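Trainee: Could you take me closely through a single part of this model, the protein surface that faces one of the nucleic acid strands?

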2 protein chains.
Amino acid sequence: MAYVDSLVALADPTRRSLFEAIAARPASVKELAANLPISRPAVSQHLKVLQNADLVKAHAQGTRRIYELDRRGLEALRTYLDQFWTDALGAYAAEVARRTQT
Amino acid sequence: MAYVDSLVALADPTRRSLFEAIAARPASVKELAANLPISRPAVSQHLKVLQNADLVKAHAQGTRRIYELDRRGLEALRTYLDQFWTDALGAYAAEVARRTQT
DNA sequence: CAGAACCGTAAGTCACGACTTACGGTAAGT
DNA sequence: ACTTACCGTAAGTCGTGACTTACGGTTCTG
């Protein structure tokens with residue numbers, strides 16, 4: 001259920017900010033913390049959540065840890081959502097068609 | 001920012017259960033509550049959240065309210081995620097390519 | 001070999017959100 | 001009209017998770 005972790009991770013506004021910042025450009029923890037109104041340890045904690053949701057991955061570079069995007073988390077989430085796209089137009093289509101109002 | 005509401009709504013396990021049940025087949029509040037270990041008012045509260053995330057829509061049928069899937073919420077969420085798919089392969093591609101390890 | 005820079009974890013606080021019960025409101029049945 | 005069925009909202013409780021400060025560990029630099 002990796003998609004669950006992705007959903008929970010991205011539901012938090014601070015983690016979304018981190019994720020979006022990392023997606024735009026890989027960065028160190030300090031750099032990421034500089035653009036947020038919270039402490040550096042808080043950023044580390046959020047990154048941990050993002051990381052084991054496979055939304056982000058890190059690699060050391062000297063004493064710094066550079067975080068970059070990991071597409072596996074997004075992919076899991078995407079797959080989960082796509083399931084409803086097709087389901088909603090398959091078995092569910094007949095039901096909807098009858099009372100269509102959209 | 002409709003996608004934010006969708007993310008928050010689907011981050012809760014109970015709301016996911018409701019959403020998935022509704023996606024599989026439209027149902028009344030009582031029917032939905034019957035398959036969950038929580039009270040009926042709790043279900044109503046969750047449905048309210050799902051509804052103003054545009055993940056679900058309701059229409060009255062006698063004294064019952066039938067909830068069915070609303071694709072607008074999913075669409076908003078999908079669009080948000082797709083943004084990273086392309087971004088991550090565009091401006092971000094060069095950065096990654098250099099330190100590729102995946 | 002200090003000292004500094006960068007980071008993760010531990011422990012504790014506090015607000016928020018997921019529940020409950022109680023209540024009121026509307027539509028159908030007799 | 002009265003009762004029953006179905007539902008939403010109000011108010012209050014309680015656990016979880018998003019923060020903080022404090023600490024220890026590792027890697028460059030002088």
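Mentor: What follows is a close look at the surface near DNA strand C. Since this is a predicted model, every distance below is a computed one. The surface counts 22 residues around DNA strand C, and those that come nearest are A:Lys30, A:Ser44, A:Tyr67, B:Ser39 and B:His46. Sorted by class, this surface holds six nonpolar, nine polar and seven charged residues. On the side of the nucleic acid, 62% of the atoms of DNA strand C that lie within 4 Å of the protein belong to sugar or phosphate, while the rest belong to bases.

Several individual contacts can be picked out. In chain A, a polar backbone atom of A:Val29 is placed 3.0 Å from a phosphate oxygen of DNA strand C, and A:Thr63 brings a polar side-chain atom to 2.9 Å from a sugar or linking oxygen of that strand. From chain B, a polar side-chain atom of B:Thr14 lies 2.8 Å from a phosphate oxygen of DNA strand C. The elements that give two or more residues to this surface are helix H3 (29-34), helix H4 (40-51) and strand S3 (64-69) of chain A, together with H2 and helix H4 (40-51) of chain B. The largest share, five residues, is supplied by H4(A).

Helix H2 of chain B, residues 13-24, also carries B:Arg16. B:Arg16 is buried yet has no salt bridge, the nearest side chain of opposite charge being that of B:Glu20, 4.7 Å away. A polar atom of the B:Arg16 side chain does, however, lie 2.7 Å from the backbone oxygen of B:Leu10. Among the residues that B:Arg16 touches are A:Tyr3, A:Val4, A:Leu7 and A:Tyr80.

Definitions and conventions:
Residues numbered from 1 in each chain as written. Chains lettered and ligands numbered in written order. Predicted model: local features only at pLDDT ≥ 70, side-chain atom pairs only at ≥ 80, totals over all residues. Heavy atoms only, no water. Helix = DSSP H or I, 4+ residues; strand = E, 2+ residues; numbered from the N terminus. Buried < 20%, exposed > 50% of the residue type's maximum accessible area, 1.4 Å probe, protein only. Lys, Arg positive; Asp, Glu negative; His and termini not counted. Salt bridge = Lys/Arg side-chain N within 4 Å of Asp/Glu carboxyl O. Polar contact = N/O pair within 3.5 Å; in protein donor to acceptor, adjacent residues only side chain to side chain. Contact = heavy atoms within 4.5 Å. Near = heavy atom within 4 Å. Nonpolar A, V, L, I, M, F, W, Y, C, P; charged D, E, K, R; others polar. Lists of a residue's contacts leave out its neighbours within four places in sequence.
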